[in-house]
Amino acid sequence: MNDQDRTDADDALATLGRHGKSFRFASLLMPKRDAEDAARLYTVCRHIDDLADESEPTARPAALARLARIRRELAGGAAPTDPLAIVLHQLAERRGVDLEAADHLVSAMISDAERPALIEDRAELIRYCYGAAGSVGVMMAPLVDAPRHAQPFAVDLGLAMQMTNIARDIAEDAAMGRRYLPASWVDGLSPERMLAGREEPKIRAIVSSAMARLLELAECYYASAAEGIQAIPGRNRVAIRIAAVVYRQIGLELAATQHNWWQGRMRIGIAGKLRCTLSDALGRRGIRPRGVPHDPLLHRVIADRPGCAAAPE
């Protein structure tokens, strides 16, 4: 590794430490090369997400233009020029990262940037979660040496984590005009009405019920993901399992607060991460593989996307 590669790896790990604390905590167990490449992928995904979240009106057109350029450069043809596209191409060449999955991520973020998300139903929710995070699971799989047959389970882990993320950030997203909870689950409440009704018992109850429903759906995907985690070799298996357990703990803590979505973002400190990791190691409250094949019905509305399992006819 040359000096520039060493600097890039250090920067990626630093970014992971600042913004992806749960995964950084887990990545300490990974082999060095895999941890560094996973950090590079995380950093690229983080920057793409930040472009979609650009809130300054004067900067938004440039952010959208850059996202569109990255998407074009992922398609191939001329050599990429955008630094984020360059890293993705390098990871594709060196480690087999799926650039079609990367395209789905960028497309989802462009959609988020162009108009605030107002999810209508469960199918749209799952499609969004694939673009935002299931696609990342597909890209991450070769970096942790997961076999190809484990990709559908990697998608499921991404879906589960994104659903946890949505549940954690309901009020924060509503303040940005976004509602990822399906309209059909919240009686069509707008983000503005959700925020304005934070002190109203009826509104609180409607949104809390939707949060509970979302976390129950996430549990289905965490349970499926556990099967694929078993297929990952060595230290990477332990690291990904810890990342899953720690992130899932956010949902468990939210449920323990009676789904009080209006109280702000739930955070799991280092002590909490250590507790839930130990509990999982002792067989308590963890996600356990059941030794069953992947259920293609979990991917019924995303069956045509990279890494997904085809639904039965």
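Which residues are linked in a network of salt bridges? In this predicted model, the network joins Arg-33, Asp-34, Asp-37, Arg-40, Arg-94, Arg-95 and Asp-145. A search of the whole structure finds 16 salt bridges, and several of these are described below, after an outline of the fold.

The secondary structure of the chain comprises 13 helices and 0 strands, and the succession of elements from the N terminus on is accordingly written α-α-α-α-α-α-α-α-α-α-α-α-α. The chain has 313 residues, of which 52% count as buried. Among the contacts in the chain with a separation of 6 or more, 74% are accounted for by residues that stand 24 or more positions apart. The area exposed by the chain is about 14400 Å², and carbon and sulfur atoms supply 52% of that area.

In soluble globular proteins, nonpolar side chains tend to be buried together. The largest nonpolar core of the present model contains 97 residues, and the members that touch the most other members are Met-139 and Met-163. The element that gives the most to this core is helix H11, which spans residues 201-229 and provides 14 residues. When residues up to four places away in sequence are not counted, Met-139 touches Leu-41, Cys-45, Leu-88, Val-97, Asp-98, Ala-101, Ala-102 and Leu-105.

A further buried position is Val-106, which lies in helix H6 (residues 99-114) and has a relative accessibility of 0%, so that Val-106 counts as buried. With its neighbours within four places in sequence left aside, Val-106 is in contact with Ile-48, Leu-67, Ile-70, Arg-71 and Leu-74. The C-alpha atoms of Val-106 and Leu-51 are separated by 9.9 Å, although the two residues are 55 residues apart along the chain.

Aromatic rings also meet within the structure, which holds 2 aromatic pairs. In one of them, formed by Trp-261 and Trp-262, the ring centres are 5.9 Å apart and the planes stand at 90°, and the pair is therefore edge-to-face. Trp-261 and Trp-262 are both buried.

The individual salt bridges involve residues with various degrees of burial. The side chains of Arg-248 and Glu-219 meet in a salt bridge with a distance of 2.9 Å from N to O. This pair links distant parts of the chain, since Arg-248 belongs to helix H12 and Glu-219 to helix H11, and the two are 29 residues apart. Arg-248 has a relative accessible area of 11% and is buried, whereas Glu-219, at 31% relative accessibility, counts as partly exposed. A salt bridge also joins the side chains of Arg-168 and Asp-169, with a distance of 3.0 Å from N to O, and both Arg-168 and Asp-169 are buried. In the salt bridge between Arg-305 and Asp-304, the closest N and O atoms are 4.0 Å apart. Arg-305 has a relative accessibility of 19% and counts as buried, because the limit for that class is under 20%; Asp-304, by contrast, is exposed, with a relative accessible area of 66%.

A charged residue without such a partner is Asp-173, which is found in helix H9 (residues 170-175). Asp-173 is buried yet has no salt bridge, and the nearest side chain of opposite charge, that of Arg-178, is 4.9 Å away. This distance does not satisfy the definition of a salt bridge, because a side-chain nitrogen of Lys or Arg must lie within 4 Å of a carboxyl oxygen of Asp or Glu. Apart from its neighbours within four places in sequence, Asp-173 is in contact with Arg-178 and Tyr-180.

Two loop residues other than glycine have a positive phi value. For Asp-187, phi is near 55°, and this residue is placed in the loop between H9 and helix H10 (191-196). Asp-187 is exposed, with a relative accessible area of 63%. For Gln-258, phi is near 65°, and the residue is found in the loop between helix H12 (234-256) and helix H13 (270-281). Gln-258 is likewise exposed, with a relative accessible area of 59%.

Notes:
Residues numbered from 1 in each chain as written. Predicted model: local features only at pLDDT ≥ 70, side-chain atom pairs only at ≥ 80, totals over all residues. Heavy atoms only, no water. Helix = DSSP H or I, 4+ residues; strand = E, 2+ residues; numbered from the N terminus. Buried < 20%, exposed > 50% of the residue type's maximum accessible area, 1.4 Å probe, protein only. Contact = heavy atoms within 4.5 Å. Areas by Shrake-Rupley, 256 points an atom, 1.4 Å probe, with all protein chains shown as cover. Phe/Tyr/Trp six-rings, centres within 6.5 Å; stacked < 30°, edge-to-face > 60°. Lys, Arg positive; Asp, Glu negative; His and termini not counted. Core = buried A, V, L, I, M, F, W, Y, C linked by side-chain atoms within 4.5 Å.
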